[in-house]
Amino acid sequence: MCKHCRSSRPLIAPALALSVALTPIAQVMAMSIEHSAHVVATAPTTETSLAQSEHHAHHEHEATHACPMHPEETGHDGDRCPKCNMFLLPIDEEEEEENQDPHAGHIAGSEAHAGHDHPVMSPVETNDAEGTIKYVCPMHPQIVSDAPGTCPICGMNLEKVTMGAAAQEVVVGISGGMQQALGVRTETVERGTLWRYIKTLGTVQYNQDAISHIHTRASGWVEKLGVHAVGDKVEKGQLLYELYSPDLVSAQDDYLQARDYLSTDPERGRNLLRKARLRLDLLGMSDSVIRELERTGESLHRVPFYAPHSGVVNTISIRDGMYIQPGETQIELVDLSTVWVIAEVFENEQSWLEIGRPADVTAAAQGLFGLEGQIDYIYPELDPVTRAMQVRVNLPNDNKDPASTLRPGSLVDVELFGGPRRDLLIVPTEALILTGRENRVVVQRDDTGFASVPVRLGMISQGKAEVLEGLSEGDRIVVSGQFLLDSEASIQGSLQRMSQSSAAPAETADPHAGHQH
């Protein structure tokens, strides 16, 4: 009830009327308030949109390219990195390259090989000689220059590299168990004495000084043949053939007439007789035939020819009734009382050979052992095919017993002997690895470390080799299983050189600098 009015009823009615009258106004005011609240609520969103618009506008002016070596260095197309001078690449391409992990799968591969006992490579520098200065691109090792500059591919500055500055020895680590599995056996390099000794092969040949050719000096016909085939044995003075020759008959008649004239005119007769006898000698008639002519006083129509020495028929080219002429070889005789053995010696073994050195010849196929002879000639030139020097050994030959006769053309073992050489650094020949270009041995550096080193060899004799350079007294060398170790060292050495050629120029520019893993 109103305090100014004592009646409450008249007050209620106007109040109700006022409330009804004010309701539209209140609604309008509520709508205004709600709109204002909406404006206030949406105000921050408008500011955020403006900020995003400004951010996008700012990004339109940001860098679009980055350095692949230093991602923090950005710029635009055509710019270079201020650190490595490389051309900047588009950021999208760089991100794709970064997303491709170059080491993916390496961990799995390492785990797969975990627990295996593999040789371990340990490079050791052995030579400090100065090398050649070159300039190489860290990203493209195939780009090599003699002067400073930039890479034509990526634009990086070429890095200074010393080529061949230090030779490195590759030490292969082999555990004790692996050494036993490979059958590695070692010996110590010592000094000792080597006897000059060569064991080689030789070929039995005819003694060229004991070969004689039988020729006729007058043309005629063979009336009787004393030998018939190659290989027939002939004794000295044995009949070879009889020859009818008009020239020989005429020469005998002249000799007999000179004898008759000697009684008429002794002085002139002696001169004619001497000339007639000389003619018979020059026509090949032997002294025995001439004495027979003098004894009988009658010319021989079939003149015999005899063997000048014993031997074997090596060549025969006549038959009964054949017409022969001077200049043709009718029979070739070879004396087998001595033979030659031609032995071949390699170039590195010929320094101490000389005439008169003793030699032993063995023909195992014939059961002949220890036949003694000596070197009687050294040929002045090497064989153009085998590059070997030939020496000749003169051997006596028992041609009476076929079982103990050396047959020309057969192969024999030849042993050549010389004097001793003392205080030499020697190694077993089984420790040598002969590659053709150089000789190598595998040296044990420690209990599990092995290295393949080149050596220079001298004299080789009876399973031992003289070492002139590359080893020292007391070194332990591998004499069994060294080929596997040398192969492993060669492979790992090649991998090391490949990695050095690509990694050494990039040491000053780390390709992973600035990357986060």
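**Entry 1: W221**

I looked up W221 and found this residue in strand 12 (residues 220-225), where helices (H or I, at least four residues) and strands (E, at least two) are DSSP runs numbered from the N terminus. The model is a predicted one, in which local features need pLDDT of at least 70 and side-chain atom pairs count only at pLDDT 80 or more, while totals for chains, interfaces and linings use all residues. Residues are numbered from 1 along each chain as its sequence is written, and side-chain values use heavy atoms, with hydrogens and water left out.

Is W221 buried or exposed? I noted that W221 counts as partly exposed because its relative accessibility is 38%; buried means under 20% relative accessible area, exposed over 50%, and partly exposed in between, with a 1.4 Å probe and protein chains only. W221 also joins Y244 and Y323 in a nonpolar surface patch of about 290 Å². Patches are made of residues with over 30% relative accessible area and no salt bridge, like charges being joined within 9 Å and nonpolar side chains (Val, Leu, Ile, Met, Phe, Trp, Tyr) within 5 Å. The areas come from the Shrake-Rupley method with a 1.4 Å probe, and for residues only the protein chains shown count as cover.

**Entry 2: the sheet that holds strand 12**

I then followed strand 12 into an open sheet of four strands, in the order 15-14-12-17 with antiparallel pairing. Strand 15 and strand 17 (323-324) each have a single partner strand, so one side of each edge strand is left without a neighbour in the sheet. Two strands pair if DSSP finds at least two bridges between them, and I read four bridges between strand 14 and strand 15, with Y241 the bridge partner of F305 in strand 15.

**Entry 3: helix 5**

Does the length of helix 5 (residues 246-264) agree or disagree with what its 19 residues should span? I found that it agrees, because at 1.5 Å a residue the helix should span 27 Å and its end C-alpha atoms are 28 Å apart; the expected span is 1.5 Å times one less than the number of residues. In this helix I listed L248, V249, A251, Q252, Y255, L256 and A258 as buried. Those buried residues pack against strand 14 (239-244), helix 6 (266-282), helix 7 (287-296) and strand 15 (303-306), with contact meaning heavy atoms within 4.5 Å.

**Entry 4: a second sheet**

I traced another open sheet of four strands, in the order 11-18-16-13, again with antiparallel pairing. Strand 11 (211-215) and strand 13 stand at its edges with a single partner strand each, so one side of each has no neighbour in the sheet. Five bridges join strand 11 to strand 18, four join strand 16 to strand 18 (residues 329-334), and two join strand 13 (residues 233-234) to strand 16 (residues 311-316). In strand 18, L333 is the bridge partner of S212 and also of V313, while K233 stands opposite V312 in strand 16.

**Entry 5: Y206**

I placed Y206 in strand 10 (residues 190-206) and noted it as partly exposed, at 27% relative accessibility. Its C-alpha atom is 7.3 Å from that of V334, although 128 residues separate the two along the chain. Leaving aside neighbours within four places in sequence, I found Y206 in contact with I211, N314, V334, L336, W340 and P408.

**Entry 6: salt bridges**

How many salt bridges does the structure hold? I read 17, each being a side-chain nitrogen of Lys or Arg within 4 Å of a carboxyl oxygen of Asp or Glu. One of them joins E473 to R191, with the closest N and O atoms 3.5 Å apart. E473 lies in the loop between strand 27 (464-469) and strand 28 (476-480) and R191 in strand 10, so the pair ties together parts that are 282 residues apart in sequence. I noted E473 as exposed, at 54%, and R191 as partly exposed, at 43%.

**Entry 7: the whole protein**

Finally I looked up the totals, and found eight helices and 28 strands, with buried residues making up 31% of the 517 residues. The protein exposes about 31400 Å², of which carbon and sulfur atoms supply 53%.
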